[in-house]
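Please keep the sequence and the model side by side while you read. The paragraphs below lead from one part to the next, and it helps to find each residue as it is named.

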Amino acid sequence: MGKTVIMFPGQGAQKIGMSQEFYEKYKVSRDCFEKAENVTGLDMTNLIFKENENLDKTEYTQIALYTAEMAAFYAGVEEGLTFDCAIGLSLGEYSAMTACGAIDFEDCASLVRNRGIYMETAVPDGHGAMAAVIGLDSGKIEEVICRSGLDNVGIANYNCPGQIVISGEAENITKIMEDLKNAGAKRVLKLNVSGPFHSPMLAQAGEKLKKDLEKVNIKNPHIPYYANYTAELIDKNTSTEYIKSILSKQVSGSVRFEQSVRKLIESGFDRFIEIGPGDTLTGFVKRIAKDMKVEGLVYEKI
């Protein structure tokens, strides 16, 4: 028998109506919405199920996506879902932590709500930007950034071979985009986001989150998960203070999804279940597996 990992997407995967089918069918899913509403004071069903402008605003997106992902997860558990490890992309790491028992739902909902607010307000509108770099390996991108001498520009997401996201000061992102095209990138596309996520410009947001984390009961997970900031396995032997430390740094640090997936595949994981809206992470894993020349992986969706 192989090993199963569950995966939770991050901001950008949200869509109106996500997890509504679970909400209508499972009490455990409705409980997620009710608990999130009690913690945040937000009308989660209106935010997630009805057409509105708030769902794509970071301060609302993150708590909405977390709630929808956990509603899908608990429905899966009720139907017999078992797994050996978890991983999430950025915001998805909080869903992974909850699924693995490292934090209670209500505590995490409060953290996620504040995280969204801190990230939304950390940098004035228009001062930061992000761009996807297609068809250029990460080493070459790092070299171009280093050679440019530009401040507040770095890699935000190591998604998969040939797809890297950069983040930082808007003016400098525009400049580096041309350098990356000249270095051989097939495409460099500016993303429609509200801030320079996972860049040093969000250090202040990380510091605010750090204060919240000091007050929250983080536990040793009973099932291991991978941390974005370090691409390390977090398990029952990991210091809870260390977990808090890397969560606060994750806000302004690179998300090492590709590095984590490579470790999962190398250690025998062959069943990947994406939980939540979309199938972006499944696409990333397929490209990573192809680059590693690994076949026979199983992909599922909840």
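In this predicted model, helix α12 gives the largest share of the lining of the largest pocket, namely 3 residues. The space in the largest pocket comes to about 720 Å³. Its lining is made up of 30 residues, and those closest to the pocket's centre are Gln11, Gly12, Ala13, Leu191 and Val193. Two or more lining residues come from each of the elements α4 (58-78), α6 (105-121), β3 (128-134), β4 (153-160), β5 (163-169) and α12 (280-291). If the lining is sorted by the character of its residues, 13 are nonpolar, 14 are polar and 3 are charged.

From the pocket we can turn to the stretch of chain named in a database record. UniProt, in an unreviewed entry, lists residues 7-301 under "domain: Malonyl-CoA:ACP transacylase (MAT)". In the model, 48% of this span is helix and 16% is strand, and the C-alpha atoms at the two ends of the span lie 9 Å apart.

One of the elements that contribute to the pocket lining, helix α6, can now be followed along its length. It has 17 residues, and the distance from its first C-alpha to its last is 24 Å, which is close to the 24 Å expected at 1.5 Å a residue. In general, residues three or four places apart in an α-helix point the same way, because such a helix has 3.6 residues a turn. The buried residues of α6 include Phe105, Cys108, Ala109, Leu111 and Val112, and also Arg113, Arg115 and Glu120. Against which elements do the buried residues of α6 pack? Their partners are α2 (27-40), α4, α5 (92-99), α9 (203-214) and α10 (240-250).

Helix α5, one of those partners, contains Gly92. Gly92 counts as buried because its relative accessibility is 0%. When residues up to four places away in sequence are not counted, Gly92 touches Phe8, Pro9, Gly10 and Glu69. Gly92 and Leu65 are 27 residues apart in sequence, while their C-alpha atoms are 8.4 Å apart in space.

Helix α7 offers two further residues to find, Glu142 and Cys146. Is Cys146 buried or exposed? Cys146 counts as exposed, because its relative accessibility is 64%. Glu142, by contrast, has a relative accessibility of 38% and therefore counts as partly exposed. Leaving aside neighbours within four places in sequence, Glu142 is in contact with Ile155 and Tyr158. Both helix residues can also be placed relative to Ala96: Cys146 is 50 residues from Ala96 along the chain, with 33 Å between their C-alpha atoms, and Glu142 is 46 residues from Ala96 in sequence, with 29 Å between their C-alpha atoms.

The last stop is the backbone itself. Most residues other than glycine have a negative phi. Asn152, although it is not a glycine, has a positive phi of about 55°, and Ala231, also not a glycine, has a positive phi of about 55°. Asn152 lies in the loop between α7 (138-148) and β4, and it counts as partly exposed because its relative accessibility is 32%. Ala231 lies in the loop between β7 (225-226) and β8 (233-234), and it counts as buried because its relative accessibility is 3%.

Terms used: Residues numbered from 1 in each chain as written. Predicted model: local features only at pLDDT ≥ 70, side-chain atom pairs only at ≥ 80, totals over all residues. Heavy atoms only, no water. 1 Å grid on protein atoms, 1.4 Å probe; cavity = no way out; pocket = protein on both sides within 12 Å on 5 of 7 lines; lining within 4 Å. Points joined across faces, edges and corners; volume = space filled by probe spheres on them. Helix = DSSP H or I, 4+ residues; strand = E, 2+ residues; numbered from the N terminus. Nonpolar A, V, L, I, M, F, W, Y, C, P; charged D, E, K, R; others polar. UniProt positions renumbered as here; feature names shortened; annotations may be inferred. Expected span 1.5 Å × (residues − 1). Buried < 20%, exposed > 50% of the residue type's maximum accessible area, 1.4 Å probe, protein only. Contact = heavy atoms within 4.5 Å.
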